[in-house]
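Me: I am new to this structure and would like a close look at a single part of it. Please take one residue, say where it sits and what it meets, and then place it in the wider picture.

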Amino acid sequence: RLHAKLLSNLEKASALMSYGAGDGNRNRYDGEIDKLLKIVIVGAGPTGVELSAEMSDFAHKEVRQRYGAAVSARVRIILVEALPRILG
């Protein structure tokens with residue numbers, strides 16, 4: 001079963017963002033779009049922390065440049081660690 005939408009180009013991403021917008025700026029797919037823009041990194045050791053920092057830079061620079069500030073602001077990066085502290 002496919003669990004992700006394949007967005008191979010800007011036109012497909014724009015179509016998904018605007019599809020189903022009925023009342024104002026609210027899109028009936030906003031919840032699904034937010035799920036697709038969520039990045040979960042498991043493990044808060046040196047590699048996980050570095051990866052999350054790089055992904056944050058990517059979301060705020062590259063995504064903003066390619067897709068705009070509205071999409072960039074919706075990207076969520078979650079760092080998960082089982083221990084009580086990071087880099088531990």
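Reply: Asp34 has its place in helix α2, which covers residues 30–36, in what is a predicted model. With a relative accessible area of 32%, Asp34 counts as partly exposed, because buried would require a value under 20% and exposed a value over 50%. Although Asp34 and Val75 are 41 residues apart along the chain, their C-alpha atoms are separated by 7.4 Å.

The side chain of Asp34 meets that of Arg74 in a salt bridge, with a distance of 2.9 Å from N to O. This pair links distant parts of the chain, since Arg74 belongs to helix α4 and Asp34 to helix α2, 40 residues apart. Arg74 also forms a salt bridge with Asp30, and here the closest N and O atoms are 3.4 Å apart. Because Arg74 lies in helix α4 (residues 69–74) and Asp30 in helix α2, this second pair ties together parts that are 44 residues apart in sequence. Asp30 is buried, with a relative accessible area of 8%, whereas Asp34, at 32%, is partly exposed. Taken together, Asp30, Asp34 and Arg74 are linked in a network of salt bridges, and the count of salt bridges comes to two.

Val75, the residue named above for its C-alpha separation of 7.4 Å from Asp34, leads on to the nonpolar interior. The largest nonpolar core has six residues, namely Ile33, Leu37, Ala59, Val63, Val71 and Val75. One of these, Val63, is in contact with Phe58, Gly68, Val71, Ser72 and Val75, once its neighbours within four places in sequence are left aside. Val71 and Val75 therefore appear both among these contacts of Val63 and, because a nonpolar core is made of buried residues, among the buried members of the core.

The surface has a nonpolar feature as well, for Val40, Val42, Ile78 and Val80 make a patch of about 330 Å². The elements that give two or more residues to this patch are strand β1 (38–42) and strand β2. Val40, which lies in strand β1, is partly exposed, with a relative accessible area of 48%.

As for the wider picture, the protein has four helices and two strands, and from the N terminus on these elements run α-α-β-α-α-β. Of its 88 residues, 18% count as buried, and the protein exposes about 6,700 Å², of which carbon and sulfur atoms supply 56%. Among contacts between residues at least 6 apart in sequence, 60% join residues at least 24 apart.

A careful reader will also want to know how confident the prediction is from place to place. The protein averages a pLDDT of 82, and 76% of the residues score at least 70. Confidence is lowest in helix α1 (residues 10–18), where the mean is 68, and highest in strand β2 (residues 76–80), where the mean is 95.

To return to the starting point, Asp34 is a partly exposed residue of helix α2 whose side chain meets that of Arg74 in a salt bridge, and Asp34 shares a network of salt bridges with Asp30 and Arg74.

Key:
Residues are numbered from 1 along each chain as its sequence is written. This is a predicted model: local features need pLDDT of at least 70, side-chain atom pairs count only at pLDDT 80 or more; totals for chains, interfaces and linings use all residues. Side-chain values use heavy atoms; hydrogens and water are left out. pLDDT is the predictor's confidence in each residue, from 0 to 100. Buried means under 20% relative accessible area, exposed over 50%, partly exposed in between (1.4 Å probe, protein chains only). A nonpolar core is a set of buried Ala, Val, Leu, Ile, Met, Phe, Trp, Tyr and Cys residues joined through side-chain atoms within 4.5 Å. Contact means heavy atoms within 4.5 Å. Patches are made of residues with over 30% relative accessible area and no salt bridge: like charges are joined within 9 Å, nonpolar side chains (Val, Leu, Ile, Met, Phe, Trp, Tyr) within 5 Å. Accessible areas come from the Shrake-Rupley method with a 1.4 Å probe; for residues, only the protein chains shown count as cover. A salt bridge is a side-chain nitrogen of Lys or Arg within 4 Å of a carboxyl oxygen of Asp or Glu.
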